[in-house]
Every structure is written in structure tokens, then in C-alpha cells.
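Colleague: Got a few minutes to walk me through this model? I'd like to start with the ligand.

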Amino acid sequence: MKKRIIKQKDRVIKFLKLVKKEHLIKKYIHNNVLFITFVLTCVFNSTMLRFLTMHLLENYLSIKPILADTAILVIVGSFGYLLKPKNRFSYYLAFNILFSALCMINSIYYTFYTSFASVSMLSLTQYIASVGDAVVENVLQLKDVIYILGPIILIIVHIRLKKKGYYKKIEVKSERKRKTIKTLVAGCIIAVLFTVTLSALDISRFAKQWNREYVVMKFGIYIYQLNDIITSVQPKINSLFGYDKAMKEFKEYYKDIEKQPENEYTNIFKDKNVLVLHAESIQTNLFNLSFNGIDVVPNLKRIASEGMYFSNFYPQVSVGTSSDSELTFTTSLMPTQSGTAFVSYFDRTYNSIPEMMNNKGYYTFSMHANNADFWNRRAMYEHLGYQKFYSKTDYNVTNENTIGLGLSDQEFFKQSMPKLKKINEKYDKWYGLMIMLSNHTPFSDIEHYGEYDVTMKEVITKEDGTTEEIVHPYMEGRKLGNYFKSAHYADQAIGELFQELEENKLLDDTVVVIYGDHDARLSRSDYDYMYNYDKQTESKLDKDHPNYKEYDFYQYELGRKVPFIIWTKDMKDSSMNKEIKDVMGMYDVMPTLGNMFGFYNKYQLGHDIFDIKSNNIVVFPTGNWVTNRVYYNSQKEEYLSLDGSAISEEEITKNSEYTTKLLNLSNDIIVYDLIERYKEEKDILTYKEGS
Ligand code: GP9
Ligand code: MN
């Protein structure tokens, strides 16, 4: 054994000496310039993408993704050697363009969604196209286009090689084969080296793929994207194969679930009309902001103060944003782990609020002045049970009354009024959803938002006793400032809606429910600027300044809260007029309203907040979760204690396991259509027992 090791050692030393003597490295580089340029430029692009998106120290120091990128690129590049030298350039250029495009798409996507792109979103391109202009106008930046350097460098190298006669070399087939195999083996060795660096956590996250940042950070963008393709088609294959296991777990989970007990709000709103307001991109943090003495959202603040206001309410959206919010609101299920329920799984059976209201004799409808196919609503609404969908074609949309993506909220409400009046006259009781649109990213239609001043005004007294007003630009001209202007506009529209509803006597027997659908997708640095604004220099405080306080990850995540309000005309004089501070998620809406209106969905994953109270947990599609006590970041496996108390390891493990279980269960229910198939199973059983 010892002898063998010595022999091996001798061989390696001999080889290294040979490499030195014969200048083998130099020769290798000289003979493989094109291949090396291909690999290096692609590794550079992928590395830049990580640096420019995720600003984590760990990311800068990690060798893992570089190894992963190199392995995959050497393997892909090795097949280029099968071609004759004169044809190789086309091969490498094609892949270089493909990989650079991947980096560019992901760079833009990250700015927009703080996540990496997924091919499961390809079927959604028609919806993305509608906001495409907004993306280009607002998001395309220098950092997104640097990736074209890859193909440019490759072309330059190619031209120089051509001049030097590099491509005139003749390589026989066997030599090309030999080169391919050698390079392929080298690629595989790097892949093995990479694999041994992986931890169990890396592998499990890779398999699940939902923690996209983590996967890119450890596996690089190219392997991430390959894995994404596989995991995106997996649900289709899964729904054919993993059914038995999923059904078993489904039955297991629900066997012990009992109907929630009654409480003081049970049936309190029985037979009342319901008007649900889907408030696009309205965040809770707007409630605490005012500029020069004027609130950003004065009407929403007033409505909240007159009703039941849930101030620690979280959206639970994934890539399906608005549609995910609607899904979770109406079914108490979580967004799917791949694709979106509205698009990929619209044909499943859902126990939904409209369905339950239909069963109670309500007329159910949705109103949204956008294209009916956006987020596949037209098809999905059939399955959610809405009896009628008033969409773009039911409204008069002109250039003059358009803001951002479509019909302005003010016009939308105005034009909806006659429809609502008719419905109210015709039907005994009704349930309606109104989806707002104007307050949508990129908030650049400022000339239509009306006057709302987001500067900082200051009155100073001069030495001679006279006063002078100084105007600091503050949030003026910034994306966040534009968001405030846009939100102020949306709030004004809501104020007008309430006025018109009141004038038309539509509030007398109606419960109004308002929810913000998700956060406004603004970056952390925007908030950092606002909270660290220095009026002396009229810019952000320097990071070294003693007063600088970074707007950190947790502040940002906790700041993504949206408002949830339940309001009736007479509530302000009742005991229901209160603020509920317990954490609550979108999936708790159906159980909470269900108790108030008298319906129950056995498959709901949330809870009636008045039943679970301070014991509630809100899970997020990323695997993160929040309770009254703690916010847990599953990406980094870190947490923040919210009340300053000590958090035990046991509590973290228990809640993390619960989160994983719930996310998997929810995904299985949708992917395998378990509600429908369980019903069928039971029907067959009843039939058999009866015969
Ligand atoms: C589109 C609107 C916006 O009709 O609901 O969708 P979003 O981009 O917020 O998901
Ligand atoms: Mn939305």
C-alpha cells in the first residue's frame, strides 16, 4: 500500500516536471483559446450576476458556484471539439449567447421580483408582456447589459484567431474525439470536486428549488436554470406518479382537523352583502407616513380607524403575485411551488369563498377592468365559482382615462357603480370582488396621480428674524416617492368609492373587506435612502456616519405587510371597532370570514384569527415564517426575536417543520387535485356500501 502511494507520488512529480519543462500549460492555452474564452466569459457572467444581485458576504467568498459553473461549461464546451476547428466558433458563440441571455434575463427579473427567473413562468409571457414596457422603462440598467460582453469578447478572439490562421489546422476525427473525451473527463472531475463540497442542506434545497437565491448562490445560475426546467415539468409528471403518497398524507392531516369552535363573531354577518376591495400594492407602512402634514393614505386610515383593522397582516404570494393573493384569499391554500395555480392548475377543484357563498344563495361576481385573461382569471374564475366576471370589455377604457396598466381606479369605481346598483336591485344578497389597478409598479405615470408633494419642507428663522421656507427634494423624483404619489391617488379613489357607495345606499347592508394584495416590490435601498436622508447634503447619509442606521433585511421583510380591514357603516360605535395586532396571513381570511358569514371549508390551511389569536403562524412560500414572537429566515437559517425574548431551538424546529408540511400539503392538494379525488373516492365507497 505504502509502495503504491510512493509510486503514485513519483508519477505526479514526474508529470508536473514535464508540464514545466515542455511548457504544457502555455501550449494548452495556445491550442484551446476559443474554448477557454468561452468558459471564462461564461463563468465571469454568472459570477457578475451573483455579485450584482445578492449582496451577501458569503456570496463573494464562495467558490462553490464557480466550480459548478466551470464544470457545466467545460462539459458543454467539450462537445465543441467534435466539430472541425472552422465550425467550432459557431458552436461556442451560440452557447455563449444563450448563457449571456440567461444572465441578462435573470438580472432584470431579480430587480423586479428579487428572485431568479423560472421557465414555469414562460406560459405567463403574455401577462408579463403587458407590463413589459414598464420593465424596460424602469428596470433595464447598465448592470443588466454588461453580459453582452461575453459574446463580444468571443467574437474579438475569433477574429484574431482567424487572422492568425488558427482555423486552417486540420484535425482528424480520432484526434477530435480524443480531445472531446479528455475535456469531458476534466469537466466530470470538476463536477465531482464540486459535489463533495455540498452539504445535505444544499442538496435538499436544490431538490426543492423554491429557495431560488440559495440555489443560485451555491450552484450558479446555469445549473439552477437546468434544475428549474426539470422541476417545472416535474409537477406534470408528479401528478401522474406521486398521487398515492400525497393522498395518504392528505387523509392523515385532515383526519384530526375539527371545525373551529364558535366565538363572539360566529354568524355576525349572516346574509349581509360583501364587497371585497383588492387594493393593488398597498402596504401597511403607508399608514404611518405623511409628507408636509398630509397623510399618504388618509382615507384608508379613516376606514381602518372606523372598522376592524388587522395591522400585522401578511400577503403570502409567490411568483403569481396578484393571482396568488386571490388564490390564498379565496381558498386558504398557498401558492404552488412551481408555476402558478391560476395558470398551471386552474382546472382543479377548489373549495372557495364564492362557491360557498353561491351555496348560501348569494350572487357572486368579480370586477376588474383589465384583460380577462390576465393571470388566466377568466378560466380560473369558473373554477373558483364566480357567477360573473366584469372585465375590460365591460368598461369604457380610453387613452384619457388610463393610468399605468389600464383603466384608472377612479373611472373603474365610477363605471362600476351602475353595475353594482343593478346587482343590488336584482339580487337579495351578493358577494363581489373589485380589483384595483392604478397603483401598480413601476409607478411612473406620475402626471396622472394628481398633486401630492413628497418633498421635505422646512421653515428656518434667519438672523434678522425673518423666516424662509427651504424645500429639500427628499422623495421627489425617486421611485419610492412616486409610489407614495400613486398610493395617494389610489387612496383618493377609495375615498370617492365610499362616497358613491353611500350616496347610492349600497353601504347599508354591506360588509366591506379591504386587503393589500402584496407589497410594492420596491427595493431595500429605496427605504434605506428614505430613512437615512440627510437634509444638509440632500442625499443619503454616509454608511460611516454615526446617525446612519441601515434599513435591514428584517425591517424590509416585516415592512412588506399589507393592510386587512373589515368595515361596516355602523362598526365604529361597536366593540368590533378595534385594531388586531396578532400576526395574520392571507390564508387566515377565509376561516375568519367563514366564521362571521357562516361557512366552513374543511381544507382551509389558515385559522380564524379570533380562535387562534396570539398562537398564529404565518408561513411564506419561501419557507420563511412569522409568529408574534419571531421572524424566521429559512434562507439563512437565522431569526429575529420580535419581542426581545429568548427563542428556543425547539420552537424554530417545530415551526419550520410545520411550515414545510403545510407548503407540501397545499402544493399536493392543488397539483394532485386531492379535494376532487378524495370526493370521488368517498363517492365510490358510498356507492359500493349502498349496493
Ligand atoms: C393585473 C393586475 C396586476 O390584472 O391584477 O397583477 P400583478 O402584476 O400585481 O400580479
Ligand atoms: Mn397585484
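Colleague: So how many nonpolar, polar and charged residues are in the shell around ligand 1?

Modeller: The shell has six polar residues, three nonpolar and three charged. Here Asp, Glu, Lys and Arg count as charged, Ala, Val, Leu, Ile, Met, Phe, Trp, Tyr, Cys and Pro as nonpolar, and the others, Gly among them, as polar. One heads-up: this is a predicted model, where local features need pLDDT of at least 70 and side-chain atom pairs pLDDT 80 or more, while totals for chains, interfaces and linings use all residues. Residues are numbered from 1 along each chain, chains are lettered from A and ligands numbered from 1 as written, and side-chain values use heavy atoms, without hydrogens or water.

Colleague: Okay, which residues are around ligand 1?

Modeller: Around ligand 1 you'll find Glu 280, Thr 321, Ser 322, His 368, Asn 370 and Phe 374, along with Trp 375, Arg 377, Leu 437, His 440, His 518 and Arg 521. To be on that list, a residue needs a heavy atom within 4 Å.

Colleague: Which side chains have a polar atom by an oxygen of ligand 1?

Modeller: Ser 322 is one of them, with a side-chain N or O atom 2.8 Å from a ligand 1 oxygen. For Asn 370, the side-chain N or O atom is 2.9 Å from an oxygen of ligand 1. Arg 521 has a polar side-chain atom 3.2 Å from a ligand 1 oxygen. The cut-off for a polar contact is 3.5 Å between N or O atoms.

Colleague: And how much of ligand 1 does the protein cover?

Modeller: On its own, ligand 1 has 310 Å² of accessible area, and the protein covers 98% of that (Shrake-Rupley method, 1.4 Å probe).

Colleague: Switching topic: how many helices and strands does the chain have?

Modeller: There are 27 helices and 22 strands in the chain, counted as DSSP runs of at least four residues for helices and at least two for strands.

Colleague: Why do you call the chain as compact as a globular protein of that length?

Modeller: Its radius of gyration is 29 Å, close to the 26 Å that the globule rule gives for 691 residues, so it is as compact as a globular protein of that length. That's over C-alpha atoms, and the rule is 2.2 Å times the number of residues to the power 0.38. Along the principal axes, the C-alpha atoms fill a box of roughly 100 × 95 × 55 Å.

Colleague: Last bit, the backbone. Where is there a cis peptide bond?

Modeller: Between Thr 441 and Pro 442, with omega about 15°. Pro 442 sits in the loop between strand S10 (430-435) and strand S11 (456-461).

Colleague: And which residue other than glycine has a positive phi?

Modeller: Asn 267 does, with phi near 60°. You'll find Asn 267 in the loop between helix H14 (243-255) and strand S1 (273-279). Most residues other than glycine have a negative phi, and most peptide bonds are trans.

How values were computed: Polar contact = N/O pair within 3.5 Å; in protein donor to acceptor, adjacent residues only side chain to side chain.
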